Amino acid sequence: MKAATTRSRTPDRLCAEAVDLARSAAEEVAAPGVVGEHEGLVSEGDRVVTHYFACREIGYRGWRWAVTVARASRAKIVTVDEAVLLPGPDALLAPEWVPWSERLRPGDMGPGDLLPTDAEDLRLEPGWSGEDAPPPNSPLSEEFAELAEAEDADVTEGTPAHQTTAPVRGSIAAVAEELGMRRARVLSRYGLHTAADRWEEAFGAKTPMAQAAPASCASCGFLTPIGGSLGQAFGVCANEFSPADGRVVSLSYGCGGHSEAAVMPKPPRPAPPRIDETRVDPFPLRPSPDSGSVPATEDESSADLGHS
C-alpha cells in the first residue's frame, strides 16, 4: 500500500489549534493590517494543516493567506512550514494570457503596424521563381507540351458529322466564353475607369496605410491576381488580418500585413531565477566576536569610553 493512501485526512489537533502561530507567520510576510480573519483550515496529511486567513489587500479580492504548519512525529511543538498568498474560489484573477497571434483580429491593424508572418505559414506557399523553368529546347517546353497534350487527347470514333457536339475550340464563341464576354452587356471603358478610380482612392498608394507600409502589394504573397485589363493594376487581398481583406487593392497599395514585412519573433525566454533555491546560506545564531566596531578584547584605556 502506498504512503499517500495511509495518510489521515483528519486534521491534527495540535496543528489545528495553532491559529495564533499561523497568524503571526502570515503577518510577518504580509504588510501590516492585511491579514484578516481566520477562514478555516485543511488537512494536508499526517500532522500537516494549512490555515487560511482573509486578505485585506486592495486589489486582491477573494485571495487568502495560506499558512501551513506541521509537527514531527511524537512531538508537541508545532512549526511553520510556509506562508503564501493564494487565490480563493471567488478570487479576482487576471485573464488567461493569450499570444498576440491569437489575440489579433481583423481590423486591429493601423498605419505603421507590422504583422510578422511565420516561415511555415499555411496561408502561403513558395511562388514560381523561374529557376526550375526548362530550357527552350527541352521536351518539357511550352511548345512540346502542347504537342504532347494534342497527342494524348482522347479520340472519338467516327467523323465529326456523327459526333453529338461539334468541337468549338478556337471559335469566336469559345474565345468570348474564355474572356467572359458572352453576356448581354459588359463593362465599358468608362465603367472600368470609374471603378479603378474608386478602388485607387480607397486602397491606393496615396492612403495613409500605404504610405506607412514596408512594401507594396505587388510583392505580397496574399495578393490574388484578377483577370482582364484591371489585373494589370489591381488584385484582391486575401489576408484576413489586413484592413483590405477581400477588397480590390491597387498593386501600389500596402499595409503592415505584407507577407514579407517582418520575421516572426522568437518566443521570449524566461528570465534567470534571482534566488538560488538549491544553495543553503548559513545564518549563525550568535554574532561572531569580531563583527562589532569595538574589538572583543578591551584594554584599560578604552574601557571607560564604552561601546559604540
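1. In what order do the three strands of the open sheet stand, and is the pairing parallel or antiparallel? In this predicted model, the order is S5-S6-S7, and the pairing is antiparallel. Strand S5 (223-225) and strand S7 (248-250) occupy the edges, and because each has a single partner strand, one side of each is left without a neighbour in the sheet. Neighbouring strands of this sheet are turned against each other by 50° on average, with direction ignored.

2. The pairing within that sheet can be followed strand by strand. S5 is joined to strand S6 (residues 234-237) in the antiparallel sense over three bridges, and here Leu223 has Cys237, in S6, as its bridge partner. S6 and S7 also run antiparallel and are joined by three bridges; on this side of the sheet, Gly235 stands opposite Val249, which belongs to S7.

3. A further open sheet consists of four strands in the order S1-S2-S3-S4, again with antiparallel pairing. Its edge strands are S1 and strand S4 (79-87), each of which pairs on one side only. From one strand to the next, the twist of this sheet averages 20°.

4. The contact between S1 and S2 deserves separate mention. Strand S1 (residues 35-45) and strand S2 (residues 48-55) pair in the antiparallel sense over seven bridges, among which His38 has Phe53, in S2, as its partner, while Ser43 stands opposite Val49 of S2. The two strands form a hairpin with two residues between them, and Arg47, in the turn, has a positive phi of about 60°.

5. Which helix lies across the four strands S1, S2, S3 and S4? Helix H3 (residues 19-29) does so, lying across S1, S2, strand S3 (63-70) and S4 and running at about 115° to S1.

6. As for internal space, the count comes to one cavity when the cut-off is set at 30 Å³ or more. The largest cavity has a volume of about 100 Å³, and of the 16 residues that line it, the closest to its centre are Cys217, Cys220, Cys237, Ser242 and Cys255. Cys237 thus appears twice in this note, as a residue close to the centre of the cavity and as the bridge partner of Leu223. Sorted by class, the lining has ten nonpolar and six polar residues, with no charged residues.

7. Some caution is in order about confidence. The protein chain averages a pLDDT of 77, and 66% of the residues score at least 70. Over residues 1-6 the pLDDT stays under 50, and for this stretch the model has two contacts beyond four places in sequence.

Methods:
Residues numbered from 1 in each chain as written. Predicted model: local features only at pLDDT ≥ 70, side-chain atom pairs only at ≥ 80, totals over all residues. Heavy atoms only, no water. 1 Å grid on protein atoms, 1.4 Å probe; cavity = no way out; pocket = protein on both sides within 12 Å on 5 of 7 lines; lining within 4 Å. Points joined across faces, edges and corners; volume = space filled by probe spheres on them. Nonpolar A, V, L, I, M, F, W, Y, C, P; charged D, E, K, R; others polar. Pairing = 2+ DSSP bridges. Axes fitted to C-alpha atoms, helices over the stretch in contact; angles between N-to-C directions. pLDDT = per-residue confidence, 0-100. Contact = heavy atoms within 4.5 Å.
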